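Please follow the account below alongside the sequence and the coordinates. It begins with the arrangement of the domains and then turns to the sheets.

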Amino acid sequence: MKQVTARDAAYLYLGDGVATATVVSCQVVVNPAGRPLELTEDHLLEWISERIWISDLFNSKMIRLPSDIGYPYWVPDPDFSAAAHLQVHRNVGTWASAIELVEQFGETPMDLSHAPWLMHVIPDVTGVPGHAGLCSLVVFRFHHIAFDGVTSATLGEKVFDDGVVSDATRAEGRVVGKDTASRGALTRRELLRGPALWTRFANEGIGIVRASRQQRRAQAGGGRPHRVWPVTRFNHDFRGPRTVGHILFDRGDVLEMKSSLSGATVNDLMLSIVGQAVHDYLGRRNETPPSSLSALVPVSTRGMREADTANQFVPVVVDLVTTEADPRMRISLIAAETARKKNRVKQKLAEHTTGFIDIVPAPVLRLLGSGRPRRKKSVAPPRFNVVITNLPGIARHGSFCGMNIVDSFTMQPVGSGATLAHAISDRGDHIAMSITVDSAVMPDIGEYCQIVRESFEAHRATII
């Protein structure tokens, strides 16, 4: 039994619970000899049944308490059935039809009364880019309350490994445990804990508000201007549905560019490439931003602090310096800012500073979320313009039922105020970028993908 933390519960209470909280990870395998896939549902269930032991979150369910008087609990699901988490979609046909189906998965709410994941298999797809014969898609859909990007990538490497799941792997994956309790017992537990939690929130909350106000006054007194980001088409209410694009970059070219940029990382380079692409996309629609664009960049806190939460990151806002025409100068400025923001995160964690999210009671967080869907069209300057996520390390493709995975992409959460997101990962032989956007503001994601490629080539021509 394990209680959901406030940081994780934010994906339950804030946003619409679908586009803002579900992640769809897609793996592409080439059918053996290019022939129709011969795997039966029984074979697939056997494969899944072995791998659910990698993490006991795979066979646990979430119990919500009456009126959300406390945060939910993960408990073992006594009625868990692997068959209920497998869906096979035959006769889909073409790549375009398969992608359309994947996008429909992303718009379907998840049943959180059971384990928050589903695996979809789409066999025998034709016309997969870069592959002449039949391919199949293995789609893993999950709720962000259970896994963040790094956790899902780490688990994905273990799931898509055809080796036997070791006892050590099983032990490492026990985060919920075997203990359980009824909804009534958990409710009584929260009622007993309630007075102490609310007292802490009242006492420490006042201090947090005061500290925040003092910090703003100190910044104003020090002459540091408050940066205001322009309102773009990506900073209004989410209308949906989500659509997804996928781009591959030559890893050698990326590393060669990075080696020519003193003090910059691959992530800094990719921030510049995306920033220029967004700026150019808007410019081609006569919507050139009047000032620099910004990105929300999650900074992983793993290794910086002990945490009992699934989502271990701190979001920081980075200036993409899109008003600077010279890519080298732009990347240098981005690198300086990302280094400064990361150091600030480390400093804050070292100080063990209590944040609002660490003490907010569940009813308050739920109340904050209940007002968000009624928010009118955005007119105020946004907190940031786009989202850019970088997964650390090299993420190998792995295999599925003895077949090598040759490609993968991800549909990420997006929501009102931030309807364009990018996820960048190092696949060992190439750098992959998955793009997720509200199709209402970008009807043809293929055009944007091409602009991103053009931005990459422009950087390459200037830097190398």
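In this predicted model, the centres of domain 1 and domain 2, taken over C-alpha atoms, are separated by 24 Å. Domain 1 comprises residues 2–189 and domain 2 comprises residues 228–463 of the protein chain. The contact between them involves 58 residues of domain 1 and 48 residues of domain 2. About 4,200 Å² is buried between the two domains, and carbon and sulfur atoms give 61% of that area. On the side of domain 1, the residues that lose the most area to domain 2 are R7, E103 and V150, which together account for 14% of what that side buries.

Polar interactions also cross this interface. Between domain 1 and domain 2, 16 residue pairs are in polar contact, counting pairs with both residues at pLDDT 80 or more. The interface also holds 3 salt bridges. R7 forms a salt bridge with D358, with a distance of 3.4 Å from N to O.

Which elements give two or more residues to the side of domain 1 that touches domain 2? They are helix 1 (6–13), strand 2 (22–30), helix 2, helix 3 (95–106), strand 6 and helix 4 (149–159). Strand 2 gives the most, with 9 residues.

Strand 2 also belongs to an open sheet of 6 strands, whose order is 5-6-7-2-13-12 and whose pairing is mixed. At the edges of this sheet lie strand 5 (86–88) and strand 12 (399–400), each of which pairs on one side only. Strand 5 lies within the bounds of domain 1, residues 2–189, whereas strand 12 lies within those of domain 2, residues 228–463. Within the sheet, strand 6 (residues 117–125) and strand 7 (residues 135–143) run antiparallel and are joined by 7 bridges. One of the positions in this pairing is H120, whose bridge partner in strand 7 is V139. Helix 2 (residues 41–51) lies across strand 5, strand 6 and strand 12. The helix runs at about 150° to strand 5.

A further open sheet has 3 strands in the order 1-4-3, with antiparallel pairing. Its edge strands are strand 1 (2–3) and strand 3 (60–63), each pairing on one side only. Strand 1 pairs with strand 4 (residues 73–76) in the antiparallel sense over 2 bridges. In this pairing, K2 stands opposite W74 in strand 4.

Technical notes:
Residues numbered from 1 in each chain as written. Predicted model: local features only at pLDDT ≥ 70, side-chain atom pairs only at ≥ 80, totals over all residues. Heavy atoms only, no water. Pairing = 2+ DSSP bridges. Helix = DSSP H or I, 4+ residues; strand = E, 2+ residues; numbered from the N terminus. Contact = heavy atoms within 4.5 Å. Axes fitted to C-alpha atoms, helices over the stretch in contact; angles between N-to-C directions. Domains from an automatic or database assignment. Buried area = accessible area lost by both parts, 1.4 Å probe. Salt bridge = Lys/Arg side-chain N within 4 Å of Asp/Glu carboxyl O. Polar contact = N/O pair within 3.5 Å; in protein donor to acceptor, adjacent residues only side chain to side chain.
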